[in-house]
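Work through the exercises below with the coordinates open beside you, and try each task before you read the solution that follows it.

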Amino acid sequence: MLRWLLSGCFGLLLVAHASGQTRITVSGTVTDATTGETLIGAQVYGLGTQSGMLTNGYGFFNLQVPSDCPGVSVQYIGYQTDTIEVSGASRTGLSVALQPYTIMTEAAVIEAEGSAPEERAEKLGTLELRPEEARSIPQLFGERDVIKAIQLMPGVQATSDGGSGFFVRGGGADQNLILLDEAPVYNPSHLLGFFSVFNGDALNTAELYKSGIPARFGGRASSVLDIRMKDGNAGKTTVSGGIGLISSRLTIETPLADGRGSALISGRRTYGDLFLNFSADTNLQNTALYFYDLNAKVNYRINDRNRLYLSLYNGRDDFDFAEAFLLRWGNRTATLRWNFLLSDEIFLNTSVVWSDYAYRVGFGPEDTGFFRDAGIQDVQIKEDFTWYAHPSHTVRFGGQWIQHTFSDVVSIDSEPAPDRAGWETALYLEDEWSFAPRWKAVAGLRAARFDLVRGPVYALNAEGELVGDPGEAGDAGFGTGGLEPRLSVQGAVGKRHALKFSAERNRQFLHLVSSSAAGNPTDLWLPVSNNVAPLVADQYAGGWSTNTEDGMWSLSAEVYYKRMRDLLEFKVGADVFAPTTLETELVSGDGEAYGIEWLVRKERGDFTGWVSYTLSRSFRTFDAIDDGLVFPAASDRIHDISLVAMWQVSPRVSASANWVYHTGDPATFPTGWYLYETQLVPQYSRRNQGRFPHYHRLDLGITLKSKDGVARSGGGKTGWQAFRGGEWTFSCYNAYGRENTYLINFEPSEEDPTQTQAVSFALFKVIPSISYDFKF
C-alpha cells in the first residue's frame, strides 16, 4: 500500500525522466574491514556512468546503474578502493568491507581525495569533521574536541575564549540543534564551557549544516550539528585511552554474538578534586570540582534487513564549595533505533529518543539557602523513510513527535510554578532529483507545530505586566506552527568547478533565555506560548568551489543572507529571577545577518592545513530597546580569521599550529557617571555600541610516537609493547601569552574615588599541557 501511494505521488516525475535503458540495483552497507564500523559518507558510483551517491548515516547505499555497467566503485578517505562486479544482474544486501591503509601514503590520499565537482557541491554549506582530524589541532588543556575544531571553520564562531558554545552565521548559541545519535544535547559544555561534552574517543563523525539543511531536521533556526558515536569494534576487543594533566579517559570496544554486533563503552573524568582531600583547609576538603562523561553503545544485526542500535550518554559537572556555593548540571540521553530494509528500494529508520538536561545552583546551607532547580526533558518518536524510487529520484519522508517538559523551581517561592509541557510535531517530504548530468535539486517541505499541553498560561497587558491569575494550558488550547520550505540546487561546471544555491525557512519553538552572550549552565529554556512567538529564520545562500588540477589545493567561497523574526532579549532592568514567570521580563524583535566566507585548503603532502576568513555583520532591532534603533548582535564579529597548519615531520613526529583572530565582541559600556549619596552610578546609552579589544591567539602542538607505536602501525606488536607504543602530545594554548579580554569592570579609582577606571580581565595566558594516548 505504501509503495502504491508513493508511486501515485511521484509517478508523473518518474515517467518524465525514465530512461528506456534497462537498469539494475546495487545496494548494501559499507564498513571498515578491521573494526566493522559503518562508513558514513563513502562514495559509491557506477564505473563509466554518471550514477553516484554517498552512503547514509548508517553506511547504507542503493545505487541504480545501467545493466551494461562493468562494476561499482566504493571509496572512502584513508581506505583502499573496492570494486563490486555486477555482470548485468542486480546485487542487493551486500556488505562492502574496505581495508584501511595502515600508513597514510601519498597514493592513499590521492585516491581518496579524487572527488568529483558535483560531490564537492553537495558539501557546500556543510562542514564534515572526523574526530581523528581534530586530534591534530592543538587545543585548550590538550583535550581533542570536535566542537573546538569546528570553531576554526568559516561561518562558525566561539561564544567566548576557550568556550564550547558557538554562533553560526549571525545566529544565537541556542539556534544550533546539537544531536548525539539523534538525541538533542541542550548544553554541550563541561567546566563552564572550556570542554565540550563530546569525548572524541567515542565518536565516529560530526557534520555541521549551515545552509541547505535537509527537511528531516527542524526545531532550530541556524544550524544542525549531527554527531554520530562509534558502533564499536566488531572484529576484536580493543582498549584505548589517554592520560592528561586535567583528565583521563578509557574506551573499550568488543564484538558480540560472533560478529553480529558490537559494543562500546567510553569514560572520561577530571581529577583535580582528588588532590583537594590532601589540603589542610577543611573548606577545600569539602569542595567538589570535577566533571565526567560516560558513553555506551550496543548494536546487533538481526538479519540482512534488520539491525538494532542502543546509544547512551551520561555527563555531569559538580562545583561545590563547602556550604557557600554550588553549581551542578548534566546531560543524559538514550536512543533506541531500528533499521529496517522494507524492500530493495525502501529504507526505514525508527527511533525512540530520551533526553534530559538539568541544573542546580545555590548559595548557603541546604535548609536556609537560596537554590534554583531547572531543566528540560524530552521524549521523542521518529520515523524516517528513504525511497530509492528511480536513478533520478531519491525520496525521503517521515515525521516526529516530541514531548518537552520544562521545570523551574526556586526555593524562595512559597508556591513554585508547576512544570510546563508541550508537544512538538512535524511531518516532512523531500525529493532529491538529478535533473541533468552532474546536477541535482533537493526540494523539501516540513510542516511543524507546537502545542502547549500542560502548565500555567499567563495574561500580560501592553506593558508586559501580569493581569489576573494564570490559566491552564490544557484549557487555553494554545498552539502555533507553519510550513518550512527548503530548496537547494547544486552541480558541476566543467571538470573542476562546483556551484550550489539554497533557500530555506526554519522555525524554532524553544528559546534559551540568557543574561550572557556566551551562555552559562544556568540559562533557561522557554517554550513558545500566548506571549512568546516562535523564532522564524529565512536564509538564502550560494557557494562556489574549485581545486587545482593535481588536487593539491582547494578553494571555496559562500555568501549568505539571513532574516530572523521574533528573537528574544531581556528588557532593560529585567529581573532574571522573576518569581512568577520570565515572560514578563522579555521583549521580542527582529534580526538580520549577512556575510561571505572563504576557505583555502592544502589537501595533500606532508604539510596540510587551511585558511578560513569570514566577513560578516549581524544586527538586531527591538522596539523596546533604544527606541527601535538597530544595534549589533552579540555574534557581530566583522572579521574572523583562522589559520591551521599540520606538518608530518617524520613517521614518528608531527607538528601543528593554529592562529585565530577576530574583531572584538560588541559590548555596552557606561558613557557617563553621576554621584548619588556618595555612590557612583553608571549612565548607559545605546546597546552594544562599544567593543572589546581585538582577539588573537596562537596555539602550538607536537606529537611523538614511540618506536613500538610506529612498528605496530606497520603490523604487529601487542600487549605491553602495544601500550608502550602510544604517543605523547605536547601542546601550548595561547603560546605568546596574549591577554584577551574576557570581562571589563568599571571601578572607582584608588587615587580619586569620584573617578572610575576600566579594569580588563583575561581568562588565559600561556597554558602548556601534556598527554599520553595508548591503544591495545
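**Exercise 1. Which strands pair with β34, and which residues stand opposite Asp538?**

Step 1. Strand β34 is joined to strand β35 (residues 553-570) by 12 bridges, and the two run antiparallel; here two strands pair if DSSP finds at least two bridges between them, while strands (E, at least two residues) and helices (H or I, at least four) are DSSP runs numbered from the N terminus. The model is a predicted one, in which local features need pLDDT of at least 70 and side-chain atom pairs count only at pLDDT 80 or more, whereas totals for chains, interfaces and linings use all residues. Residues are numbered from 1 along each chain as its sequence is written, and side-chain values use heavy atoms, with hydrogens and water left out.

Step 2. β34 also pairs with strand β31 (residues 497-508), again in the antiparallel sense and over 12 bridges.

Step 3. Asp538 of β34 stands opposite Arg505, and in β35 the bridge partner of Asp538 is Arg563.

Step 4. The connection between β34 and β35 is a hairpin with five residues between the strands, and Gly551 in the turn has a positive phi of about 75°.

Step 5. Strand β34 (residues 535-547) is largely enclosed by the rest of the structure, because 11 of its 13 residues are buried; buried means under 20% relative accessible area, exposed over 50%, and partly exposed in between, with a 1.4 Å probe and protein chains only.

**Exercise 2. Describe the surroundings of Trp338 and Asn349, and decide whether each is buried or partly exposed.**

Step 1. Trp338 lies in strand β22 (residues 325-341), and Asn349 is found in strand β23 (residues 346-363).

Step 2. Trp338 counts as partly exposed because its relative accessibility is 32%, whereas Asn349, at 3%, counts as buried.

Step 3. Apart from neighbours within four places in sequence, Trp338 is in contact (heavy atoms within 4.5 Å) with Asn306, Arg307, Leu308, Leu348, Asn349 and Thr350. One of these, Leu348, is 10 residues from Trp338 in sequence and 8.0 Å from it in space, C-alpha to C-alpha.

Step 4. With the same neighbours left aside, the contacts of Asn349 include Tyr58, Glu182, Trp338, Lys382 and Asp384.

Step 5. Each residue also has a side-chain polar contact, that is, a pair of N or O atoms within 3.5 Å of which, within protein, one must be able to donate a hydrogen and the other to accept it, residues adjacent in sequence counting only if both atoms are side-chain atoms. For Trp338 the partner is the side chain of Asn306, at 2.9 Å, and for Asn349 the partner is the side chain of Ser351, at 2.9 Å.

**Exercise 3. Where does Gly589 lie, and which residues is it in contact with?**

Step 1. Gly589 has its place in strand β36 (residues 586-602), and its relative accessibility of 7% is why it counts as buried.

Step 2. Leaving aside neighbours within four places in sequence, Gly589 is in contact with Arg565, Asp566, Leu567, Thr621 and Phe622.

Step 3. Between Gly589 and Asp566 the C-alpha to C-alpha distance is 5.1 Å, although they are 23 residues apart in sequence.

**Exercise 4. Which residues of the largest nonpolar core touch the most other members?**

Step 1. A nonpolar core is a set of buried Ala, Val, Leu, Ile, Met, Phe, Trp, Tyr and Cys residues joined through side-chain atoms within 4.5 Å.

Step 2. The largest one has 39 residues, of which Phe166, Leu180, Phe198, Leu225, Ile227 and Trp610 touch the most other members.

Step 3. Elements that each supply at least two residues of this core include β8 (126-129), β16 (223-229) and β39 (639-648), and the largest share, four residues, comes from α5.

Step 4. Another core, of 27 residues, lies apart from it and has Phe319, Phe509, Leu524 and Leu582 among its members.

**Exercise 5. Where are the non-glycine residues Arg438 and Asn688, which have positive phi, found?**

Step 1. Most residues other than glycine have a negative phi.

Step 2. Arg438, with a positive phi of about 70°, is found in the loop between β26 (420-436) and β27 (439-454), and at 28% relative accessibility counts as partly exposed.

Step 3. Asn688, whose phi is near 55°, lies in the loop between β43 (679-684) and β44 (690-691), and at 13% relative accessibility counts as buried.
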